[in-house]
Amino acid sequence: GSRRATGLKGTRASAVQLSVRDVSRTKDGMGRSRVSFANDVRDLFKLQVPDSEENDLFRIVRSEDVYASTRALMNQVFSDLPNPDGNFVREFQTSGFDARVWELYLFAIRGDHVWTVDRPYDAPDYLYSRAGERVWVEAVIAGPAQKLREPTDREKLREFIDHGLAIRYGTPLGNKLAKRYWDHSHVAGRSLTIAIADFVERDFVRWSELGLRRYLYGSDFVLTSERGEPLAGVSTAVASHQYGSKTIPSGFFGLPGAENISAVLFNNSGTIAKFHRKAFDSKIDRSYRLVRHGFCVDPRPESIVPQPFAYVVGLVEEPWSEGLVIFHNPNAVRPISRLFFQGAAQWWFRNGNFEVSEPEFHPFSSVTTALATESGEVDDEFENSVDAFAEWLVNRTQMTETDIASAYERHRTVRQNAT
């Protein structure tokens with residue numbers, strides 16, 4: 001994993017350059033033609049639809065100068081994507097923008113050189129390979145069309161996190177389960193995962209994996225330790241989720257047919273902001289700087305709350321897989337080895353207890369802020385100001401005594417209700 005960053009400068013990371021293979025047409029082991037591209041870069045941003053049909057976020061990325069490097073990187077990734085869906089570009093420019101960004105991210109993750117990512121069939125979307133093990137990955141999102149929105153009343157946020165998010169994720173996951181991909185001859189005998197992301201809201205701050213974890217396992221983790229003690233707790237069963245007028249059973253992994261889903265993947269940073277940060281090159285992008293700030297895992301054994309972080313993009317390395325969370329299905333007929341997703345955050349649920357493995361730096365959520373110069377050219381004074389801004393963000397967002405007390409009080413309340 002990458003090391004923790006709290007506003008201090010680290011190792012400078014170069015912009016990612018994904019290789020584009022020479023044009024060739026070969027036959028794979030099953031006799032199907034496969035095509036790769038070079039020089040002929042496919043263009044996601046050459047408008048194929050009327051202005052009136054453009055997705056609002058696509059229009060921003062397509063037209064604003066600050067995203068020039070981002071557009072180039074996304075085109076590189078798309079150009080190297082084997083056998084793309086014929087509707088990919090049109091949907092990317094219109095109502096399918098979020099879903100296509102998520103699919104592009106799941107392919108770009110191969111840039112970490114940890115997994116080989118291929119697309120031998122239309123479905124599932126990708127075949128990941130590592131150390132001789134292969135895992136199918138099918139992408140899905142909770143999209144803007146969903147009517148279930150987060151509450152404006154902060155007092156109702158906890159209910160939304162515990163139950164509303166489960167209903168939000170339950171619909172797309174259930175739809176994918178109904179597809180029965182495991183019945184396809186090319187999937188049979190291999191592990192199958194569903195990769196889900198939440199694109200319902202347009203907020204800058206995105207929900208962490210907490211709500212999804214409760215729904216998948218039908219269980220919550222409740223602390224039994226007190227303030228200052230190493231964290232310890234027990235799991236409590238969650239039977240159902242009710243939010244508004246809708247109620248669904250909890251425990252996706254216990255649904256009929258779900259034993260064929262080996263794991264569920266999640267990442268709340270597989271977004272345009274990820275491509276923006278990965279594409280940024282301080283030697284080329286001379287008119288602005290990017291600052292990423294948010295909250296990450298606090299490694300101290302007694303810490304109940306996350307810690308803030310902030311850094312200037314380009315000074316800290318960010319893998320494509322950073323933020324990736326793998327929830328292993330305890331009922332899976334084809335489990336995935338621990339090694340396969342090593343380096344990402346991984347969750348297991350065994351004998352009524354949770355087990356988690358996390359990288360050194362695991363962000364729960366973050367915001368990327370672009371800071372532009374008035375002169376159009378970054379100088380030392382501006383660089384110093386950006387560094388100071390990152391430090392200020394860390395200090396400003398430190399958890400307070402009230403935050404810590406509130407977290408412990410919530411767990412006490414849950415324990416009392418369970419009893």
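This note goes through the predicted model of one protein chain in numbered points.

1. Overall make-up. The protein chain contains nine helices and 17 strands. Of its 419 residues, 52% count as buried. Among contacts in the chain with a separation of 6 or more, 70% are between residues 24 or more positions apart.

2. The largest nonpolar core. This core has 45 residues, and those that touch the most other members are L44, M74, F92, W102, Y128, F275 and F341. Helix α4, residues 97–108, supplies the largest share of this core, with eight residues. In soluble globular proteins, nonpolar side chains tend to be buried together.

3. M74 and its contacts. With neighbours within four places in sequence left aside, M74 is in contact with L44, F45, F92, V101, L104, I272 and F275. Of these partners, L44, F92 and F275 are also listed with M74 among the core residues that touch the most other members.

4. A second core. Separate from the core around M74 there is another of 38 residues, which includes L157, Y169, Y215 and W347.

5. F78 in helix α2. Is F78 buried or exposed? The relative accessible area of F78 is 3%, and a residue counts as buried when this value is under 20%, so F78 is buried. F78 belongs to helix α2, which covers residues 68–79. Residues up to four places away in sequence are not counted in the next list: F78 touches R42, L44, P84, F88, V89 and L104. One of these partners, F88, is ten residues from F78 along the chain, and their C-alpha atoms are separated by 9.6 Å.

6. Cavities. Two cavities of 30 Å³ or more are counted in the model. The second largest holds about 40 Å³ of space. Which residues line this second largest cavity? They are L81, P84, D85, F88, R100, E103, R119 and Y126. The lining is made up of four nonpolar and four charged residues, with no polar ones. P84 and F88, both in this lining, are also touched by F78.

7. Strand β4. Why is strand β4, residues 126–130, described as largely enclosed by the rest of the structure? Five of its five residues are buried, so the strand is largely enclosed. Both faces are covered: Y126, Y128 and R130 are buried on one side, and L127 and S129 are buried on the other. Two of the residues on the first side appear elsewhere in this note: Y126 lines the second largest cavity, and Y128 is one of the residues of the largest core that touch the most other members.

8. The partners of β4. Strand β3, residues 116–118, runs antiparallel to β4 and is joined to it by three bridges. Here V117 stands opposite Y128. Strand β5, residues 133–142, also runs antiparallel to β4, and five bridges join the two. In that pairing L127 is opposite W136 of β5. β4 and β5 form a hairpin with two residues between them, and A131 in the turn has a positive phi of about 50°.

9. Strand β15 and its partners. β15, residues 345–350, is mostly covered, with five of its six residues buried. Strand β14, residues 325–328, pairs with β15 in the parallel sense over three bridges, and V325 has A345 as its bridge partner in β15. With strand β16, residues 353–357, the pairing is antiparallel and has five bridges. There the bridge partner of Q346 is S357. β15 and β16 form a hairpin with two residues between them, and N351 in the turn has a positive phi of about 50°. One residue within the range given for β15, W347, is included in the second core.

10. Two serines. S219 is in strand β7, residues 219–223, and is buried, with a relative accessible area of 3%. Its contacts, apart from neighbours within four places in sequence, are R213, R214, S235, T236, A237, V238, F349 and F354. S287, by contrast, lies in the loop between α7 (272–279) and β12 (288–296). At 32% relative accessibility S287 is neither under 20% nor over 50%, so it counts as partly exposed. Not counting residues up to four places away in sequence, S287 touches L371, A372, T373, G376 and V378. S287 and V66 are 221 residues apart in sequence, while their C-alpha atoms are 8.5 Å apart in space.

Notes. Residues numbered from 1 in each chain as written. Predicted model: local features only at pLDDT ≥ 70, side-chain atom pairs only at ≥ 80, totals over all residues. Heavy atoms only, no water. Core = buried A, V, L, I, M, F, W, Y, C linked by side-chain atoms within 4.5 Å. Buried < 20%, exposed > 50% of the residue type's maximum accessible area, 1.4 Å probe, protein only. Helix = DSSP H or I, 4+ residues; strand = E, 2+ residues; numbered from the N terminus. Contact = heavy atoms within 4.5 Å. 1 Å grid on protein atoms, 1.4 Å probe; cavity = no way out; pocket = protein on both sides within 12 Å on 5 of 7 lines; lining within 4 Å. Points joined across faces, edges and corners; volume = space filled by probe spheres on them. Nonpolar A, V, L, I, M, F, W, Y, C, P; charged D, E, K, R; others polar. Pairing = 2+ DSSP bridges.
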